[in-house]
4 protein chains.
Amino acid sequence: MTPPNTGRRSEASRRAVLTAALDLLQEVEYAKISIEGLASRAGVGKQTIYRWWPSKGAVIFDAFLMLSEGAEGGPVQLPDTGDLAADLTEVLRATVTELNEPRYEQPMRALATEIAHDPELAAIYAERLDGPLREAKRQRLRRAQRAGQLAEDLDLDVAVDLIWGPLFQRWLHRSGPLTTEYADRLVATALDGLRPRR
Amino acid sequence: MTPPNTGRRSEASRRAVLTAALDLLQEVEYAKISIEGLASRAGVGKQTIYRWWPSKGAVIFDAFLMLSEGAEGGPVQLPDTGDLAADLTEVLRATVTELNEPRYEQPMRALATEIAHDPELAAIYAERLDGPLREAKRQRLRRAQRAGQLAEDLDLDVAVDLIWGPLFQRWLHRSGPLTTEYADRLVATALDGLRPRR
Amino acid sequence: MTPPNTGRRSEASRRAVLTAALDLLQEVEYAKISIEGLASRAGVGKQTIYRWWPSKGAVIFDAFLMLSEGAEGGPVQLPDTGDLAADLTEVLRATVTELNEPRYEQPMRALATEIAHDPELAAIYAERLDGPLREAKRQRLRRAQRAGQLAEDLDLDVAVDLIWGPLFQRWLHRSGPLTTEYADRLVATALDGLRPRR
Amino acid sequence: MTPPNTGRRSEASRRAVLTAALDLLQEVEYAKISIEGLASRAGVGKQTIYRWWPSKGAVIFDAFLMLSEGAEGGPVQLPDTGDLAADLTEVLRATVTELNEPRYEQPMRALATEIAHDPELAAIYAERLDGPLREAKRQRLRRAQRAGQLAEDLDLDVAVDLIWGPLFQRWLHRSGPLTTEYADRLVATALDGLRPRR
DNA sequence: TTGTAATCGAGACGGTACGTCTCGTCTTTTC
DNA sequence: GAAAAGACGAGACGTACCGTCTCGATTACAA
């Protein structure tokens, strides 16, 4: 993200910009955020933003990165009580709650949009933000698979998509209410499949 | 979308604007389309656009509407050969092909973004564009359910999400390559579920 | 100065800009006047200025033009009591007083500078502002010449330069104090010449 | 001009800046010269300029000073053949030629402007650049006066203004073509005065 | 001979203003 | 009375410089 950086970048300014970005995202729609406003909110010259970030999206993205890297203590881990269905249901319910939180909604939609339109950003997102999380999901499933709780020939990537894809899709497109019941049903249906089990 | 229309609206101008919108979407990124440019491309006064549409998104949306309503002859219908897995695979493969077509990509991402940020538009989308399609999907599954090919207590809405959600999610977030193999595996996994079948 | 003007220019905005220009010139140095500040002072969009004037200098110039054309009732005329020396002395003394007035100084230096650097502006200045005044000077001298008070073969243009040139030069370059005594001596010396008169 | 200079200033940098200033004046309009560009052209840090000169005008001025002090070998002297009219005509013709030279025009207009707007610079100009020249002019006239060729009570300062003032005025304001004929007529008219000589 | 202190090139910083672009509104003219 | 044309006030865009600042790296005195 950040250019070569010959060694003299002001860390204070960097943090001020990223913090201001997160603050603004809480207040106004992503599209209405201007570099001008961002700079003035951060108490920073516009040039300082243009010097270090190629686009508004990149700033917002870096802000998310800072947030996530600050929050996370070590590698992410999904709960593992041995009961896969229960664990997944818990995680999805938490996700539902989070997605319904107003203060996260705007920033996350902004991020989703930015990723949808900028392949380069999408790649960084996949590596830095989604990557570790996805790996954690895959590992939880792998443990279940080894315990014989999942099909032996299961493609774990497809499995992850099958569980979380519908959730994000419904949230992003508002194709229906995002409730904990939906999360429950989603987990159950994904685990058992659409076909009847004798 | 279109206001009451008391009777004096110029159909020629309306079509010119919508056609120009579709043309521009092929050429440039959605975000770079301006009302100004749209009006001049359509050979129309700016006021004519502001008079009849509340936002840029609404224009683009109306353009999609015109496109889809023009294309469609009667109600949409999913293939039904009796072999559900084969039929779903065929449809998903077709969707994969379409999503990978460059000339559809920009407009569809634009639409997705617009829906993600504008709940009102999302509602109209759900009703006018996605609605009929979703109904067709549900009906195909219902027939399979009645034929005993799907679980009796299956929530068809969740089922639709389970099949198409991962696909759109992967496309929009570019979280992985969108291939026909992926479509195949998705259908199979959704039908059988993650758990092992004895 | 003003472009073709297809017929829809706002007279109110035009006057607001020119008035603001004159106001600002009283307050701050010409070089510190910005288009941005001018527009905001005039309560006008920047584009309105850029649309109708090619440069800051052109605006200031137009402002002077408005001023002079507003002030002047009919053609300018120099006093003619029959006593050329007395008349010229009176006029030059008045000029000295005016040039020493703080509220005229800044604008006039600004105008002089602008003319010095922009030949196009200089031409308009020569025609619209300086022209009528210079003609009045020439005419006063011509009457004196006809009355036998000036040399028959005198080049009136050179004569005008000889009387007013030193004054403006001394003012602009601050090469010495600009007093009424200087004006008196200048007139006398110009009329009699440097050579001794027997 | 130059600050106290405690003894450690780099002569190389000083010359580089002044030379760059003169070079740039040949290429672009004075107003378009920036400290930033000047520093980079001179291969010098901006701070080195800000450390040693108070303003852009001061740099340009110092550059002129360097130029003039380099050129001049000893005190300036006007020609003295005994024929005052001929001598003055020769000098004024030379001045006309010089003022018409494109490579001198920009820098000299820049200098004139700077002097017009900055009284402090005007004082230094009067002392360092114009002073010696003006003294030379006065001395030539004084010799003529002693020889009885000029009026006994003539104010030599006014006389100098009368001869050179119109010329610079006409050049700076472009109020008419600057030709050798004009120079000739100017000298003749100044010497004889406007009034008829019996 | 070695500090040590000021100067140097470089360039980031918070800012102001540039000249351009588009917004959404308003006004004029044409059909 | 809707339409095309386009001027208007507003304000963001990305760039250029402003004048200040900090950073090693020379560099030339004083110890």
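Biologist: Is B:Arg185 buried, partly exposed or exposed?
Modeller: In this predicted model, B:Arg185 counts as partly exposed because its relative accessibility is 38%.

Biologist: Which residue does the side chain of B:Arg185 meet in a salt bridge?
Modeller: The partner is A:Asp155, with N to O at 2.2 Å. The pair crosses between chains: B:Arg185 sits in helix α9 (residues 180-192) of chain B, and A:Asp155 in the loop between α7 (119-146) and α8 (156-173) of chain A. A:Asp155 counts as partly exposed, at 22% relative accessibility.

Biologist: And what does B:Asp161 form with A:Arg170?
Modeller: B:Asp161 and A:Arg170 form a salt bridge, and their closest N and O atoms are 3.2 Å apart. This pair also crosses between chains, from helix α8 (residues 156-173) of chain B to helix α8 of chain A.

Biologist: Buried or exposed, those two, B:Asp161 and A:Arg170?
Modeller: Both B:Asp161 and A:Arg170 are buried.

Biologist: How many salt bridges are there over all chains?
Modeller: The count comes to 67. One of them joins the side chains of C:Glu135 and C:Arg138, at 2.3 Å from N to O. These residues are separated by about one helical turn, because they are 3 residues apart in helix α7 (residues 119-146) of chain C. C:Glu135 is partly exposed, with a relative accessible area of 29%, whereas C:Arg138 counts as buried at 17%. Elsewhere, salt bridges that share partners join A:Arg134, A:Glu135, A:Arg138, A:Asp157, A:Asp161 and B:Arg170 into one network.

Biologist: Changing topic: which residues come nearest to DNA strand F?
Modeller: Of the 36 residues around DNA strand F, the nearest are A:Lys46, A:Tyr50, C:Trp52, D:Lys46 and D:Gln47. Sugar and phosphate make up 65% of the strand's atoms that come within 4 Å of the protein. By class, the surface near the strand has 8 nonpolar, 15 polar and 13 charged residues.

Biologist: Which part of DNA strand F lies 2.7 Å from a polar side-chain atom of A:Lys46?
Modeller: That is a base oxygen. A polar side-chain atom of C:Arg8 lies 3.5 Å from a base nitrogen of the strand, while a backbone N or O atom of B:Gly45 lies 3.1 Å from a phosphate oxygen.

Biologist: Last topic: how can chain C be laid on chain D?
Modeller: A turn of 179° with a shift of 0.0 Å along the axis lays chain C on chain D, with an RMSD of 0.2 Å. The two copies are therefore related as by a two-fold rotation axis. In chain C, the C-alpha nearest the axis belongs to C:Gly193, 1.6 Å from it. The same surface serves both copies, as 100% of the contact residues of chain C recur in chain D.

Methods: Residues numbered from 1 in each chain as written. Chains lettered and ligands numbered in written order. Predicted model: local features only at pLDDT ≥ 70, side-chain atom pairs only at ≥ 80, totals over all residues. Heavy atoms only, no water. Near = heavy atom within 4 Å. Polar contact = N/O pair within 3.5 Å; in protein donor to acceptor, adjacent residues only side chain to side chain. Nonpolar A, V, L, I, M, F, W, Y, C, P; charged D, E, K, R; others polar. Least-squares fit on C-alpha atoms with pLDDT ≥ 70 in both. Contact = heavy atoms within 4.5 Å. Salt bridge = Lys/Arg side-chain N within 4 Å of Asp/Glu carboxyl O. Helix = DSSP H or I, 4+ residues; strand = E, 2+ residues; numbered from the N terminus. Buried < 20%, exposed > 50% of the residue type's maximum accessible area, 1.4 Å probe, protein only.
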